[in-house]
Amino acid sequence: MAFQSVSTLNSLCWWREGEDLAGSEEKIIWREVRRRLFGGNFHERFGGNFYSTWAASPQPAKRKRSKPKPKRKAKPKSKISSPPSQAIETIDQSLILIMSSIVLKTVIFLGSARNIAPAWGGDTRLCDRVANWVKSTITSRNDTLGDDNITHQIHVVDPLEVFGPGGALSHSGGELRAPTFFMKSDALPESTRKLQEVIKDADCYLVVSPEYNHTIPPALSSVMGHFGGSNYKCKPVGIVTYSPGPFAGMRAAMAIQIMCHELGCLPVSKLCGLPSPSDLLELDGTPKDANHRMLQQLPELLTQLEWMAVAMKNQRCVVLK
Ligand SMILES: Cc1cc2nc3c(=O)[nH]c(=O)nc-3n(C[C@H](O)[C@H](O)[C@H](O)COP(=O)(O)O)c2cc1C
């Protein structure tokens, strides 16, 4: 939303509030709108300049009253101290309409194609537990960036599927026999072309990966490496790693950063590393303790990712030579 319209809306709130609506429901509603939109402090949020410029500009001379102003009859004060819940709901709906919303196309690459439970027991694929948590955190997130409401349209790229029978990369395999950028686009299978489009169309990426032999699992480097850097360029990536051990896959995270740099998608500085995810998350990704310190890493990473994604989305219309 442009500054102009924000300030206009703020003025409107003040004006409606200042009207002779003393104690009425309407006055309280307008005060609530202003509180919710501007945190009650427009001056701080949008900078002192707005008011100081206004104050410094020539103000119309005050007209002198010839007759003393007749005293108004005091209206009985309403007993309502807060807006009725129905009104708040209406305000919330209106505010959603007032704020512009940005839908980020977010591609999540999973780093594991494991399909066998360990002989000693445990998850068939630990990745699912973590990916479920990442997905539900993103979808339940209702974040704002400046005056924009940010939501995500998620597409998950799962190596189990894309390399599986009939998958978009099954013709090439995890060993990367047929990189897409070595082929003419009309020679690409339809499903491969569609996956390439999804990756190229994305505004940002997330990688959810384990650590194999202190580095990137082959399934992840193969899926991402199938598509050339032109598909990823000028977009940010957030990296989430995990491990049943105490180091949370951090060595893989370092290697994934380098790989992503080479592909042209820039890793945000916050990382999310989960040690022993089975202690933190249920199978469906529900946190065992939502306040656990380790689980607070993801929202912070997503805030950076969204900021970068919106900034880079705006800048991508400038052709990079
Ligand atoms: C080939 C292989 C190498 C592994 N190397 C590491 C490692 O370097 N560091 C680590 O923390 N865990 C390592 N592990 C253990 C994995 O973290 C563990 O199996 C985890 O469940 C893998 O995630 P996934 O089930 O989603 O594939 C390795 C597992 C495999 C199969």
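This is a short talk on the sheet, the core, the ligand shell and two single residues of one structure.

Hi everyone, thanks for coming. Please keep in mind throughout that we are looking at a predicted model.

Let's start with the sheet. It is open, it has 6 strands, and their order is β2-β3-β1-β4-β5-β6, with mixed pairing. Which strands stand at the edges? Those are β2, residues 143–145, and β6, residues 265–275; each has a single partner strand, so one side of each is left without a neighbour in the sheet. On average, neighbouring strands here are turned by 30° against each other, if you ignore direction.

Now find β1, residues 100–110, on your screens. With strand β3, residues 148–157, β1 runs parallel, and 10 bridges join the two. With strand β4, residues 204–209, β1 is also parallel, and there the number of bridges is 5. A handy landmark is Thr106: opposite this residue you find Ile154 in β3, and opposite Thr106 in β4 you find Cys204. As a reminder for anyone who thinks more about buffers than about folds, strands of a sheet pair through backbone hydrogen bonds, either parallel or antiparallel.

Over at β6, the partner is strand β5, residues 235–243; these two run parallel and are joined by 8 bridges. If you want a pair to click on, take Val237, which stands opposite Pro267 in β6.

Next, what packs on the sheet? Helix α9, residues 218–225, does, and it touches β1, β3 and β4. The direction of α9 makes about 125° with that of β1. Then there is α12, which lies across β1, β2, β3, β4, β5 and β6 and runs at about 170° to β6.

On to the core. How many residues does the largest nonpolar core have? The count is 54, and the residues with the most contacts inside this core are Phe109, Val130, Val134, Val207 and Val208. Helix α6, residues 126–140, supplies the largest share, namely 7 residues. Let me zoom in on Phe109. Setting aside neighbours within four places in sequence, Phe109 contacts Val157, Tyr205, Val207, Leu220, Val223 and Met224.

And the part many of you will ask about: the ligand. There are 16 residues around the ligand, and the closest are Ser112, Leu126, Cys127, Pro210 and Ser243. By type, this shell splits into 6 nonpolar, 6 polar and 4 charged residues.

Finally, two residues I'd like to show you one by one. His292 sits in the loop between α11 (277–280) and α12 (297–315). Is His292 buried or exposed? It falls in between: His292 counts as partly exposed because it has 13 C-beta neighbours inside 10 Å. Apart from residues up to four places away in sequence, His292 touches Leu280 and Pro287. Leu280 is 12 residues from His292 along the chain, and their C-alpha atoms are 7.8 Å apart.

The other one is Gln196, in helix α8, residues 190–201. Gln196 has 19 other C-beta atoms within 10 Å, and a residue needs 20 or more to be called buried, so Gln196 is partly exposed. Its contacts, again leaving out neighbours within four places in sequence, are Thr180, Phe227 and Asn231. Between the C-alpha atoms of Gln196 and His226 the distance is 9.2 Å, with 30 residues separating them along the chain.

That's my tour, and I'm happy to take questions.

Methods:
Residues are numbered from 1 along each chain as its sequence is written. This is a predicted model: local features need pLDDT of at least 70, side-chain atom pairs count only at pLDDT 80 or more; totals for chains, interfaces and linings use all residues. A nonpolar core is a set of buried Ala, Val, Leu, Ile, Met, Phe, Trp, Tyr and Cys residues joined through C-beta atoms within 7 Å. A residue is buried if 20 or more other C-beta atoms lie within 10 Å of its own, exposed if 12 or fewer, and partly exposed in between; C-beta atoms are placed from the backbone. Helices (H or I, at least four residues) and strands (E, at least two) are DSSP runs, numbered from the N terminus. Two residues are in contact if their C-beta atoms, placed from the backbone, lie within 7 Å. A residue is near a molecule or strand if its C-beta atom, placed from the backbone, lies within 6 Å of it. Ala, Val, Leu, Ile, Met, Phe, Trp, Tyr, Cys and Pro count as nonpolar, Asp, Glu, Lys and Arg as charged, and the others, Gly among them, as polar. Two strands pair if DSSP finds at least two bridges between them. Axes are lines fitted to C-alpha atoms, for helices over the stretch in contact, and angles run from 0 to 180 degrees between N-to-C directions.
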